[in-house]
Amino acid sequence: MTKYVLSNPNGVTLLGGGKVSATTLDHALRHAPHLVAADGAAATALELGHMPEAVIGDFDSLPNRIRDKMPPEILHHIPEQDSTDFEKCLSRVDSALILGVGFMGARIDHELSVYNTLVRYPEKHCIIVGDIDICVHAPRSLRIELEIGTRVSLFPLMPVTGISKGLLWPIDNIVFGPAGRIGTSNEASAETVEMTFHGDGMLLILPRRALPNLLNALNWQ
């Protein structure tokens, strides 16, 4: 059984090694105030004026000059190479809400691996937050308040079906799959959008401004 490095019910922000603005990180920390850095992202945390509560990873991208600035008790070296640093962090953090920043918009292979991990850990309450978009592994049932016209994109990582109300293009009777039908650039046609999925594997992608709406809908705060 994996041992938790940090357990805090008040929300954890995971910081990755991709490009992240101070505004995005500060926005995430307002909702999830406890900061954990994935490996070399500890350098970004310090550059942006934050000391993480934990640094987790295989440390292949953590320079000694950064490591030396941190208390040794917050450094958690996980040497195995069968998982990414994001998975190492996600599996070792326990919280009612986890926000991941610095995981969008950098290397495509790293970003895809993050979404793969979201689907493999459906019990984790994790939202990936970027400068433009947010992404979450959709729960089986979701009722969310959105401005009419808000972009609602669906991308399946496993075959999955569902039903909806309040979407411009309903998803009823559609079999979604990663090598088949996807749901890019749907949009809210009503102020309340309801979606039910008959299985796991669907990623929900919304504009960044919709993060408070998603948090209210998920009740993860």
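**Helix H6 and the salt bridges**

The buried residues of H6 pack against helix H1 (22-31), strand S8 (126-129), S9, S10 and S15. This is a predicted model, and that packing is a good place to begin a walk through it.

Which residues of helix H6 (residues 211-218) are buried? They are Leu211, Leu214, Leu215 and Leu218. Around the axis these leucines cover an arc of only 100 degrees, so they sit on the same side of H6. Follow the chain just past H6 and you meet Asn219, which takes a positive phi of about 55 degrees.

Let us turn now from the leucines to the charged side chains. Side chains of opposite charge can pair when their charged atoms come close. The structure holds seven salt bridges, and a few of them are worth a visit.

Two strands that H6 packs against, S9 and S10, lead us to the next stop. Arg140 lies in the loop between strand S9 (133-137) and strand S10 (141-145), and its side chain meets that of Asp200 in a salt bridge, at 3.1 Å from N to O. Asp200, for its part, is in the loop between strand S14 (192-197) and strand S15 (202-207), so the pair ties together parts that are 60 residues apart in sequence. Are these two partners buried or exposed? The answer is in between: Arg140 is partly exposed, with a relative accessible area of 45%, and Asp200 is partly exposed too, at 28%.

While you are in this part of the model, look for Arg143, Glu145 and Glu194 as well. These three residues are linked in a network of salt bridges.

Next, come over to the helices H4 and H5. The side chains of Glu87 and Arg120 meet in a salt bridge, with 2.9 Å from N to O. Glu87 belongs to helix H4 (residues 85-91) and Arg120 to helix H5 (residues 108-120), and this pair links distant parts of the chain, 33 residues apart. The two ends have their own surroundings: Glu87 counts as buried, at 12% relative accessibility, because buried means under 20%. Arg120, with a relative accessible area of 43%, is partly exposed.

One last pair rounds off the tour. Glu80 and Lys88 bring their side chains together in a salt bridge, at 3.8 Å from N to O. What is the relative accessibility of Lys88? The value is 0%, so Lys88 counts as buried, whereas its partner Glu80 is partly exposed, with a relative accessible area of 29%.

How values were computed: Residues numbered from 1 in each chain as written. Predicted model: local features only at pLDDT ≥ 70, side-chain atom pairs only at ≥ 80, totals over all residues. Heavy atoms only, no water. Salt bridge = Lys/Arg side-chain N within 4 Å of Asp/Glu carboxyl O. Buried < 20%, exposed > 50% of the residue type's maximum accessible area, 1.4 Å probe, protein only. Helix = DSSP H or I, 4+ residues; strand = E, 2+ residues; numbered from the N terminus. Arc of directions from axis to C-beta. Contact = heavy atoms within 4.5 Å.
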